[in-house]
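Please look over the sequence and the model together before reading on. The paragraphs below go through the interior spaces, then one residue, then a sheet.

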Amino acid sequence: MSSSSSSYDVIIVGAGVVGPSLAYALATKRSDRHAPLRIALLERSLAKPDRMVAELLQPGGVNSIKKLGLESCIADFDTAALEGFYVMRGDQGISVTFPDGHVGRAFEHGDFIMALRERARNAPNVEMIETTVTGLIEDERTHRVTGVRASRPGGQSESFSADLVILADGSLSKFRSAVLGQMQYEPVQKGYLAGVIVKDLKLPQSKYATMVVLKGAGPVVLYDLPNDEYRMLIELKDPPPADLKEHLVNDVVPQLPLVMHAPILAALETSRVRRVPHYYLPSTKQGQSSKAGAFLLGDSLNMRHPLTAGGMTVGLNDAVIIADLLSELPNFKNWDQISAVLQKWTHLRKPLASTINIMSMSWAGLFAAEGEGFEILQDGAFKYIGQGPEYSVPAMSLATGITASPSQLTRSSLAIAFYSIWVLFTHPKPGNKYAPRFYEYPWLMIKALNVMWTLGTVMGPVMWAEK
């Protein structure tokens, strides 16, 4: 078995969404005061990927794509424009439009990745290499990471050296502990998503992704894809049902609008129903106590619930910030300078990353869970947002990455909780004609306390982890 070695300024491991985006940005946004970078982008397989997630890019992610100079990657192939969400609960529906004319994009994941890779491959001094990274190379004296070991598809071993190694190798990264050492948080599997492609589907509102809140299942998200196809994603609790198709037919489809039943049932008979686990991983500060010479990026560092489609938005925003900071350094030899950049990057990425992470984990938990407190909050949230744009736009801006403010998210969540309690006291219960009487208030006060407790149990742990 032969071996070879190559040297670069920076190595990026992983050519999914974040890796090629950062490679392109580093190659094209370099300050004129500094020499061009030689960049290696390493990927286990350069074949077109086939995934059922990372197909919906929220408006915040579209903004980051433009900042990176990669807007052609959502223009060079078919994409479906999304103007907002249509949220359903029972027989009621609310249309929530993205604010200020912002749009999202839905696409076939593999097409998007191949477009990003093509732009990175054609950027100056970027070399894209198909190889499997098997380990990190460290300086024996300083223990700084100086490169990676890898293996070609044919079995040829090789090594790559660089002043800086960026590990964007995804949710199943094998380098977390090597870079971060004793990790405060480990990836925690939170459940599964099931997905299927549906044809000839009619959504309640054209160009709007549809979210359906179900009882005992779900929630479900449906959205347009190119070529008159539609993606249906279903949240599954852990452990997932033994017979997935039976669960979808008996527990999910009957709760969807009648017009959707026939095309979805046909898809369940003729198309592959896929299932993937999803994880939560709060980010860890890098630079001071992490391994010198390398850092983590993308899902290798930070993961959240995928149902709100925030992962690409966070990853692309991270690439925008770190590329701008690194472009001002003359080179990547001085780890003290890199460490300072990483600390600043951690501070700058926090507002958007924390907002989306908290919202995805807490809102997915709110609409997927069962119990009286959750039902009261669901009903209150639905009525609160349904009051009009003044109430729906702030929440939508947070969820889609347009606004980055954990404090505003806290205020919005508390406003929904208090509104839910107000609804509890002033609106008739299902099946009743009249609002609750005064003598019912003591019991309702106990329920109100349960609502606040429920909100705290859903949001509190995530807010603490994202602090």
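Which helices each supply at least two residues of the lining of the second largest cavity? In this predicted model, they are α8, α11 (residues 406-426) and α12 (residues 441-465). The residues that line this second largest cavity are S362, W363, L366, L377, S413, I416, L455, V458 and M459. Sorted by class, seven of the lining residues are nonpolar and two are polar, with no charged residue. The space inside the second largest cavity comes to about 100 Å³.

The search that found this cavity covered the whole structure and returned two cavities of 30 Å³ or more. The largest has a volume of about 440 Å³. It is lined by 23 residues, and those closest to its centre are V87, M211, W363, F367 and A399. W363 is thus named for the largest cavity and also lines the second largest.

Strands as well as helices contribute to the largest cavity. On the strand side, β5 (84-89), β6 (92-97) and β13 (208-213) each supply at least two residues of its lining. On the helix side, α8 (335-368), α9 (372-385) and α10 (389-399) each do so too. Helix α8 therefore has at least two residues in the lining of the largest cavity and at least two in that of the second largest. The lining of the largest cavity holds 19 nonpolar residues and four polar ones, and no charged residue is among them.

A charged residue can be followed elsewhere in the chain. R38 sits in the loop between α1 (18-28) and β2 (39-43). Is R38 buried, exposed or partly exposed? R38 has a relative accessible area of 40%, which makes it partly exposed because it falls between the 20% limit for buried and the 50% limit for exposed. Leaving aside residues up to four places away in sequence, R38 touches S7, Y8, D9, V10, N125 and E127. With S7 there is a polar approach: the R38 side chain reaches the backbone oxygen of S7 at 2.6 Å. P394 lies 356 residues from R38 along the chain, and the C-alpha atoms of the two are 43 Å apart.

The last feature is a sheet. Three strands form an open sheet in the order β3-β7-β4, with antiparallel pairing. β3 (56-57) and β4 (80-82) are the edge strands; each has a single partner, so one side of each is left without a neighbour in the sheet. Two bridges join β3 to β7 (residues 104-106), and these strands run antiparallel. Within the sheet, L57 stands opposite R105 in β7.

Key: Residues numbered from 1 in each chain as written. Predicted model: local features only at pLDDT ≥ 70, side-chain atom pairs only at ≥ 80, totals over all residues. Heavy atoms only, no water. 1 Å grid on protein atoms, 1.4 Å probe; cavity = no way out; pocket = protein on both sides within 12 Å on 5 of 7 lines; lining within 4 Å. Points joined across faces, edges and corners; volume = space filled by probe spheres on them. Helix = DSSP H or I, 4+ residues; strand = E, 2+ residues; numbered from the N terminus. Nonpolar A, V, L, I, M, F, W, Y, C, P; charged D, E, K, R; others polar. Buried < 20%, exposed > 50% of the residue type's maximum accessible area, 1.4 Å probe, protein only. Contact = heavy atoms within 4.5 Å. Polar contact = N/O pair within 3.5 Å; in protein donor to acceptor, adjacent residues only side chain to side chain. Pairing = 2+ DSSP bridges.
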